[in-house]
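Hello,

Here is the structure I promised to pass on. Please open it next to this email as you read.

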Amino acid sequence: MTTLTSETGENATPPTPAATVILIKDGRQGLETLLLHRTPGRDPFAGAWVFPGGAVESADGPVLPGMSWPLSARRAAVRELREETGLRLAPETLVPFAQWTSPPTMPRRFHTWFFVAGAPKGSIRLNRQEVDAHRWVAPRRVMTDHRAQAMTLFPPTWVSLYELVGARSAGGVLEAYARRAPAVFAPRVGRWRDDLCFFYQEDAAYADLDAERCGPRHRLRVRADGWVYIRDGRRD
């Protein structure tokens, strides 16, 4: 797993365009989402639970400067879903969810378009070279398992699942996100007291990483006893 460290300087490595899809369905006890366990190895997400997805390839189409939600990202998301799970979706069924750009300190950086979509019919057939397990699981259960250190997650996956905690139905989620502008995350990494902390654009500390600076807060605090997400007074 990639080691997370606070920023000590700027890394000029350009981010790789990527796309992922959050598949959701109505389960017996509420909303469930599909997570895949990345096969241990040299993959930057090896050993973590992730949504289906990967890098945009040339066959998916171009990603040009100024393109906010390119068709190539939709094509990449459904292609990766098919390659990793055997499930098929049409690109036009994807609903924009969020954009994430890796912090400058990451050795491999990605600019990832997150989509959400209803689960298609069909059985999952895992590509064992890339993923070795899958779970349909309620977002709240993932939060519990992560806090107990039973699941490894990266911050974009954790925050996305956090946003879905409490959602009542897949249809309600799709309708809500079809109406709203997708959130944009370009985190910077610093410290808040003794903890690693991800600061997002709306946070008063975003420019200088002064975690005690007065003002609005939008951050993820990586505590050993459980991560804490704070956004304008909200916290888990």
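Below is what I found, grouped by region.

One caution before the details: this is a predicted model.

**The helix pair**

Start with helix 2 and helix 3. Helix 2 spans residues 139-147, and helix 3 spans residues 155-164. Their axes come within 8 Å. The crossing angle is roughly 135°. Angles over 145 degrees would count as roughly antiparallel, and 65 to 115 as roughly perpendicular. The two helices are therefore oblique to each other. The handedness of their crossing is left-handed.

Which residues make this contact? From helix 2 come Pro139, Val142, Met143 and His146. From helix 3 come Trp158, Leu161, Tyr162 and Leu164. Sorted by class, the contact holds seven nonpolar residues and one polar residue. No charged residue takes part.

The loop between these two helices deserves a look as well. Gln149 sits there. Its phi is positive, at about 65°, although Gln149 is not a glycine. Is Gln149 buried or exposed? Its relative accessible area is 64%, and the cut-off for exposed is over 50%. So Gln149 is exposed.

**His37**

Next, go to strand 2, residues 30-38, where His37 lies. His37 has a relative accessible area of 16%. Buried means under 20%, so His37 is buried.

What does the side chain of His37 pair with? One polar contact goes to the side chain of Asp132, at 2.7 Å. A polar atom of the His37 side chain also lies 3.2 Å from the backbone oxygen of Gly47. Both partners appear again among the residues that His37 touches, once those up to four places away in sequence are set aside. That list runs Gly47, Ala48, Trp49, Glu130, Val131, Asp132 and Ala133.

**Asp60**

Asp60 is in the loop between strand 4 (53-55) and helix 1 (71-85). It is buried, with a relative accessible area of 3%. A polar atom of its side chain lies 2.7 Å from the backbone nitrogen of Glu57.

Where else does Asp60 make contact? Neighbours within four places in sequence aside, Asp60 contacts Ala55, Ser72, Arg75, Ala76 and Arg79. One C-alpha separation may help you place the loop: Asp60 and Arg74 are 14 residues apart along the chain, and their C-alpha atoms are 8.4 Å apart.

**Asp195**

Asp195 belongs to strand 10, residues 195-199. Its relative accessibility is 13%, so Asp195 counts as buried. The side chain of Asp195 makes a polar contact with the side chain of Arg221, at 2.8 Å. Beyond four places in sequence, Asp195 is in contact with Gly190, Arg221, Val222 and Arg223.

**Leu209**

Last stop: the loop between strand 10 and strand 11 (218-222), which holds Leu209. Leu209 is not a glycine, yet it has a positive phi of about 60°. Is Leu209 buried or exposed? At 18% relative accessibility, Leu209 counts as buried. Gln149, with its own positive phi, is exposed.

**If you have only a minute**

Look at the left-handed crossing of helix 2 and helix 3. Then check two side-chain pairs: His37 with Asp132, and Asp195 with Arg221. Finish with the phi angles of Gln149 and Leu209.

Best wishes

Methods. Residues are numbered from 1 along each chain as its sequence is written. This is a predicted model: local features need pLDDT of at least 70, side-chain atom pairs count only at pLDDT 80 or more; totals for chains, interfaces and linings use all residues. Side-chain values use heavy atoms; hydrogens and water are left out. Axes are lines fitted to C-alpha atoms, for helices over the stretch in contact, and angles run from 0 to 180 degrees between N-to-C directions. Helices (H or I, at least four residues) and strands (E, at least two) are DSSP runs, numbered from the N terminus. Angles under 35 degrees count as roughly parallel, over 145 as roughly antiparallel, 65 to 115 as roughly perpendicular and the rest as oblique. A crossing is left-handed if the near helix is turned anticlockwise from the far one by less than a right angle, and right-handed if clockwise. Contact means heavy atoms within 4.5 Å. Ala, Val, Leu, Ile, Met, Phe, Trp, Tyr, Cys and Pro count as nonpolar, Asp, Glu, Lys and Arg as charged, and the others, Gly among them, as polar. Buried means under 20% relative accessible area, exposed over 50%, partly exposed in between (1.4 Å probe, protein chains only). A polar contact is a pair of N or O atoms within 3.5 Å; within protein, one must be able to donate a hydrogen and the other to accept it, and residues adjacent in sequence count only if both atoms are side-chain atoms.
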